[in-house]
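I sat down with this one for the first time today and kept notes as I went. Here is what I looked up, in the order I looked.

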Amino acid sequence: MKEIYKHYVTTSEINTPIFIKLSHADHDYWYNFKSDSKHKYNKNHYLYNTRSYRLGQMNSELFIRKSITGQYVIVLTSIMSKSIIIKERFAYLISLFSLNKKKYDIYFEKFSAGASESAFELFKYAFKMGDSCVYILENGHPEFKNLKQQYGRALVGKNSFLAFYHIFLARSFLSSDLVGHIQRRLYDNDYLIKKKVLSTDKKIMLQHGPCMATNIFERGYFNRKVPIAPDYMLVNSNFEKNLFLKNTGYTEKELMVTGLPNIDLYVKEKQNEKNQITFMLTWRPWDLTGSIEVGSYLDRYFSFLELIRKEKFYKDKKINVILHPKSKIILQEQFPDIYDKYEESFYVGDIKDALLNSKVVISDYSSITFYAFAGGSNVIFYWEDKALAEVEYGAPNILQKEIAFGGIVERFKDLHAEIVYNYNNPQSPFHTAQFSKLMECTSGHNTENTYDYIQNIIFQNEHNPLEEESAFSMSEKQSSAS
């Protein structure tokens with residue numbers, strides 16, 4: 001287990017496939033460690049896992065799961081309180097014998113950690129319409145108490161008894177990221193929720209952001225063979241819809257060209273005064289390892305912090321330096337001393353607020369650039385490591401120079417001049433035209449249009465509903481409990 005954790009610190013790999021190595025005098029032979037060499041895809045693989053094993057003082061747990069091909073994979077994840085497991089099992093049993101049997105539409109965002117993306121905007125509209133809807137949010141969210149006062153029983157804390165209870169009575173899952181983020185923790189060996197998700201045919205993904213920056217299709221992000229792949233996808237334009245038709249198994253009926261609901265927020269505030277600057281690079285798993293090298297993800301952040309400290313231009317301006325959530329976690333875990341040193345310099349708060357108030361947004365391959373431009377910000381694409389990134393991503397990015405809607409910087413020394421220019425000038429007509437091809441749904445009515453579309457999906461089989469899987473057998477319950 002120490003070696004596995006050491007491997008994680010060195011490589012940042014959370015999912016590690018297991019192989020058998022046979023050493024021979026002339027050659028080493030590697031075999032996939034599978035339960036059957038002829039194993040074929042089966043949804044039950046998604047449910048298979050061992051119990052979690054705690055790694056002493058390392059604040060981590062590990063378990064073994066199966067991939068969709070039957071390959072065994074070691075998963076490193078965070079420690080979870082045993083009380084959460086008890087609440088989940090109790091909620092499941094109560095849901096089985098509930099006299100109400102009311103069904104709910106469950107809304108949540110990435111890791112159930114926020115309330116600022118399309119899932120929350122759609123939930124607010126559904127709540128206003130009087131739907132049986134529930135929004136799941138971490139209790140530690142800074143706005144949790146205020147939101148609880150507004151939405152009452154329709155807003156519940158993540159990993160609470162009520163959250164689990166409503167999940168087991170769900171008729172649909174509507175999320176701004178993959179449905180797996182509703183689980184108790186990231187990379188979880190949860191059995192009960194996985195069974196529930198598999199038995200639900202209305203998993204609707206509203207997108208964390210437009211799928212038109214990196215080529216996530218080549219990385220298998222929307223592989224329909226993955227058991228919990230969304231049943232329906234929201235897209236923002238015919239350009240984006242055609243990307244899904246070309247690169248995935250989705251059909252036209254499963255693609256909603258209604259636009260991201262939270263784009264409405266940016267469109268409506270486009271003309272407001274903006275005077276801040278935001279710097280946020282996207283997730284780079286390949287260089288978030290046990291050392292910080294020149295030109296790496298973290299090194300670029302430290303270089304930018306030094307830039308704004310040195311140049312007088314930034315002295316009277318609010319600068320938002322935002323770490324990607326995953327990067328922040330790894331920085332805290334692997335480099336606590338460095339995190340403590342720079343903690344006060346990193347932005348704390350709702351990313352949406354930073355974007356809405358920014359005249360200039362600097363990013364690289366992140367979907368936040370689409371939100372920022374829709375809200376009136378000038379966008380700078382910092383593409384110094386674009387060639388390396390495309391190699392690591394496994395395919396050329398979708399967003400290339402010919403369709404980019406902002407200035408492009410390929411050397412850090414040129415970044416300051418580009419920021420100054422964009423801060424002092426409005427969005428160019430050329431970039432606006434580029435953007436409109438990629439994002440057609442910018443009327444300010446995406447929320448209503450998406451809601452109406454989803455209502456047809458939810459109620460299309462109202463008089464002949466698909467029955468969920470039958471209650472677990474006692475043996476399954478006992479297996480889960482053990």
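I started with strand E4 (residues 53-54) and strand E5, which pair in the antiparallel sense over 2 bridges. This is a predicted model, so I kept in mind that local features here need pLDDT of at least 70. Within the pairing, I found Tyr-53 standing opposite Leu-62 in E5. Then I checked the hairpin of E4 and E5: there are 5 residues between the strands, and Gly-56 takes a positive phi near 45 degrees.

Next I followed E5 to its other partner. How many bridges pair E5 with strand E6? I got 7, again in the antiparallel sense, with E6 covering residues 72-78. Leu-62 turned up once more, this time opposite Leu-76 in E6. The hairpin of E5 and E6 also has 5 residues between the strands, and in this one Gly-70 has the positive phi, near 95 degrees.

Is E5 mostly covered or mostly open? I noted it as mostly covered: of the 7 residues in E5 (60-66), 5 are buried.

**Surface patch**

I then went looking for nonpolar side chains on the surface. Ile-20, Leu-22, Tyr-29, Tyr-31 and Phe-33 form a nonpolar patch there, with about 460 Å² of accessible area together. Strand E2 (19-23) and strand E3 (28-32) each supply at least two of the patch residues. I picked out Leu-22, which is found in E2. Why do I call Leu-22 partly exposed? Because its relative accessibility is 44%, and partly exposed runs between the 20% limit for buried and the 50% limit for exposed.

**The open sheet**

Later I traced an open sheet of 7 strands, in the order E9-E8-E7-E10-E11-E12-E13, with parallel pairing. Its edge strands are E9 (155-157) and E13 (255-257), and each of them pairs on one side only. I wrote down an average twist of 25 degrees from one strand to the next.

I zoomed in on E7 (residues 104-108) and E10 (residues 170-175): they run parallel, joined by 5 bridges. Ile-106 stands opposite Phe-173 in E10.

Last, I looked at what packs on this sheet. Helix H4 (residues 118-128) does, touching E7, E8 (133-137) and E10, and its direction makes about 145 degrees with that of E8. Helix H8 (residues 238-247) packs on the sheet as well, where it touches E12 (232-235) and E13; I noted about 170 degrees between the directions of H8 and E13.

Conventions. Residues are numbered from 1 along each chain as its sequence is written. This is a predicted model: local features need pLDDT of at least 70, side-chain atom pairs count only at pLDDT 80 or more; totals for chains, interfaces and linings use all residues. Side-chain values use heavy atoms; hydrogens and water are left out. Patches are made of residues with over 30% relative accessible area and no salt bridge: like charges are joined within 9 Å, nonpolar side chains (Val, Leu, Ile, Met, Phe, Trp, Tyr) within 5 Å. Accessible areas come from the Shrake-Rupley method with a 1.4 Å probe; for residues, only the protein chains shown count as cover. A salt bridge is a side-chain nitrogen of Lys or Arg within 4 Å of a carboxyl oxygen of Asp or Glu. Helices (H or I, at least four residues) and strands (E, at least two) are DSSP runs, numbered from the N terminus. Buried means under 20% relative accessible area, exposed over 50%, partly exposed in between (1.4 Å probe, protein chains only). Two strands pair if DSSP finds at least two bridges between them. Axes are lines fitted to C-alpha atoms, for helices over the stretch in contact, and angles run from 0 to 180 degrees between N-to-C directions. Contact means heavy atoms within 4.5 Å.
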